[in-house]
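I opened my notebook to record what I looked up in this structure, in the order in which I looked it up. Where a word such as "buried" or "oblique" comes up, I try to note what it rests on.

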Amino acid sequence: MLRDPAYLKALVFSALIGVPVALLAFFFLAGLHQLEHVLWADLPDALGWDAPPWWWPLPLLAVAGLCVGLVVRHLPGAGGHVPAAGLHAPGSTAASLPGVVLAAFASLPLGATLGPEAPLIALGGGLAMLFARLARAPTTPQSAALLGAAGAAAALPAIFGNPLIGAIILIEVAGVGGPRLFAVMLPALLSSGVGSLVFTGFGRWTGLSTGSLSLRLGVPTPHIDAGDVIWSIPLAVAIGFAVHLIMDTGRLAAVFVAGRPVPRTVVCALAAGACGAVYTLATDRDPADVASSGQTTLTQLAQDPHAWGVGALIAVLLCKGAAYAVCLGSLRGGPIFPALFLGAAAGVLLSPLPGLGVVPGLAAGMAAAGGAALRLPVSSAVLVVLLMGGAEMTPVVLLAAVAGFATVELLPPGRTVPPIGKPAEAPVAAQKTGGGPQGA
């Protein structure tokens, strides 16, 4: 394969497109981050509030629902795939790029309980195909798959803090093996490395932040003991069951939205905003704890887990879980970030169990929730190990990721996500494939 001139050309082209794709993805993420900061920090401060008031998520998410509904209704590609369908392998076209970008900017900065990884995958894959068309490069179905994977891999490094994560996620999402795995892996790794260099350089040169996901623990990392290992399995099973309910509720929300996307997307977005409002009224904490991806809040939780009382942890799990479910079926974004936060919060909440520590509970919770929400156990385990900044928690992480994934696989399948704009049909068993049930 490495002696095949066509494959060598694909490798070279993957490295070349990694630069412009990474640049555009950098400014895309930086724009999302800056707009979110303006809406949730600068604007409330300018109006005289130290933090957003309890009702703040309601008007923002109403606007988000209206904009996303209009994008879904009128633009090619429906703004990207429905998050409740899981992560998809790259398959975006150049025509779908405007809808993907508009839907992401309407969803994520305005308070959708979703992450940016799915729009980035769609953006990177679509840009790669656009550049291939502009360069008049001949494409076949096989080369299109390679270029799409390379473009998506170039776009992902910034949010995970490591170029390997993007390549591993894409490999597992694609569900390929053998020679096909090798064929996809090299362009993805090559372009991901180039993208990481671009993100690092432009982050330092411009001073802009894209909000990469990395944790600095505020408590010492202990050595794991028998209690941590034993508790990680029932903890992961419980989290896997809860995540299954959330994802299935998200698919029900997608069924509800499919027939009339504009008004029903607004209804779902308002429901998510109401979850943030209820959380603030109950705890007197920032509604952004619920109405956001959870990336910043996860960092705060990891740095000072003892600052969260039992009541606040229960409230954020209930309210953010409900907001996550309705956003999965209605708005646009990715499922990774909120799942990681919910798993971490559950792990911290249950850490007082005899023999279970805060750090092992945090690690096991994130791994279990990631494996259950994404159905990508390898990606979830590698991501959590890298986030923890060391290998001490690896046994707990691996057990929890496998247990969370297995729990979801053994539970009865839920609905599939219906095609956008079409009425819902009778319930159909969801496919149990890597990257979640396929649909939309």
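**Entry 1: two helices that cross.** I began with helices H9 and H12, which are oblique to each other, because an angle of roughly 45° falls outside the ranges that count as roughly parallel, roughly perpendicular or roughly antiparallel. H9 covers residues 226-258 and H12 covers residues 310-330, and their axes come within 7 Å. I noted the crossing of H9 and H12 as right-handed. On the H9 side the contact is made by Ile246, Met247, Thr249, Gly250, Ala253, Ala254 and Val257, while H12 brings Gly321, Tyr324, Ala325, Val326, Leu328, Gly329 and Ser330. Sorted by class, the contact of H9 with H12 holds nine nonpolar, five polar and no charged residues.

**Entry 2: the chain as a whole.** Before going further I reminded myself that this is a predicted model, with a mean pLDDT of 81 for the chain and 78% of its residues at 70 or more. The secondary structure comes to 16 helices and zero strands. Of the 440 residues in the chain, 55% count as buried. I also looked up how far apart in sequence the contacts reach: among those with a separation of 6 or more, 81% are between residues 24 or more positions apart.

**Entry 3: a stretch to treat with care.** Over residues 421-440 the pLDDT stays under 50, and for this stretch the model has 61 contacts beyond four places in sequence. Where pLDDT is low, the predicted coordinates should not be read in detail. I therefore left the details of that stretch out of my notes, following this caution.

**Entry 4: H2 beside H10.** Which way does H2 run relative to H10? The axes of H2 and helix H10, residues 261-283, come within 7 Å and cross at roughly 155°. That makes H2 roughly antiparallel to H10, since the angle lies over the cut-off of 145 degrees. H2 passes H10 in a right-handed crossing. I wrote down some of the residues that meet there, including Pro57, Leu61, Gly65 and Arg73 in H2 and Pro261, Thr265, Ala269 and Gly276 in H10. By class, the contact of H2 with H10 has 16 nonpolar, five polar and one charged residues.

**Entry 5: the loop before H2.** Trp56 lies in the loop between helix H1 (5-46) and helix H2 (57-74). Is Trp56 buried or exposed? Its relative accessible area is 6%, so Trp56 is buried, the cut-off being under 20%. Leaving aside neighbours within four places in sequence, Trp56 is in contact with Leu39, Trp40, Leu43, Pro44, Leu47 and Trp49. I also looked up a partner far along the chain: Trp56 and Ala291 are 235 residues apart in sequence, yet 9.7 Å apart in space from C-alpha to C-alpha.

**Entry 6: Asp286 and Thr280.** Asp286 is found in the loop between H10 and helix H11 (295-303), and with a relative accessible area of 27% Asp286 is partly exposed. Beyond its neighbours within four places in sequence, Asp286 is in contact with Ala51, Pro52, Tyr279 and Thr280. The C-alpha atoms of Asp286 and Ala51 are separated by 6.5 Å, although the two residues are 235 apart along the chain. Thr280, one of these contacts of Asp286, is found in helix H10 and counts as buried at 9% relative accessibility. Apart from residues up to four places away in sequence, Thr280 touches Trp54, Arg285, Asp286 and Pro287.

**Entry 7: positive phi angles.** Ala78 has a positive phi of about 55° although it is not a glycine, and I found Ala78 in the loop between H2 and helix H3 (97-107). At 13% relative accessibility, Ala78 counts as buried. Arg375 likewise has a positive phi of about 55° without being a glycine; Arg375 is found in the loop between helix H14 (358-374) and H15, and at 5% relative accessibility Arg375 counts as buried.

**Entry 8: H15 and H16.** My last look was at helix H15 (residues 377-388) and helix H16 (residues 394-410), whose axes come within 9 Å and cross at roughly 150°. That makes H15 roughly antiparallel to H16, and their crossing is right-handed. The contact is made by Pro377, Ala381, Val384 and Val385 of H15 together with Thr394, Val397, Leu398, Ala401 and Phe405 of H16. By class, the contact of H15 with H16 has eight nonpolar, one polar and no charged residues.

Note on methods
Residues numbered from 1 in each chain as written. Predicted model: local features only at pLDDT ≥ 70, side-chain atom pairs only at ≥ 80, totals over all residues. Heavy atoms only, no water. Axes fitted to C-alpha atoms, helices over the stretch in contact; angles between N-to-C directions. Helix = DSSP H or I, 4+ residues; strand = E, 2+ residues; numbered from the N terminus. Parallel < 35°, antiparallel > 145°, perpendicular 65-115°, else oblique. Left-handed = near helix turned anticlockwise from the far one by under 90°. Contact = heavy atoms within 4.5 Å. Nonpolar A, V, L, I, M, F, W, Y, C, P; charged D, E, K, R; others polar. pLDDT = per-residue confidence, 0-100. Buried < 20%, exposed > 50% of the residue type's maximum accessible area, 1.4 Å probe, protein only.
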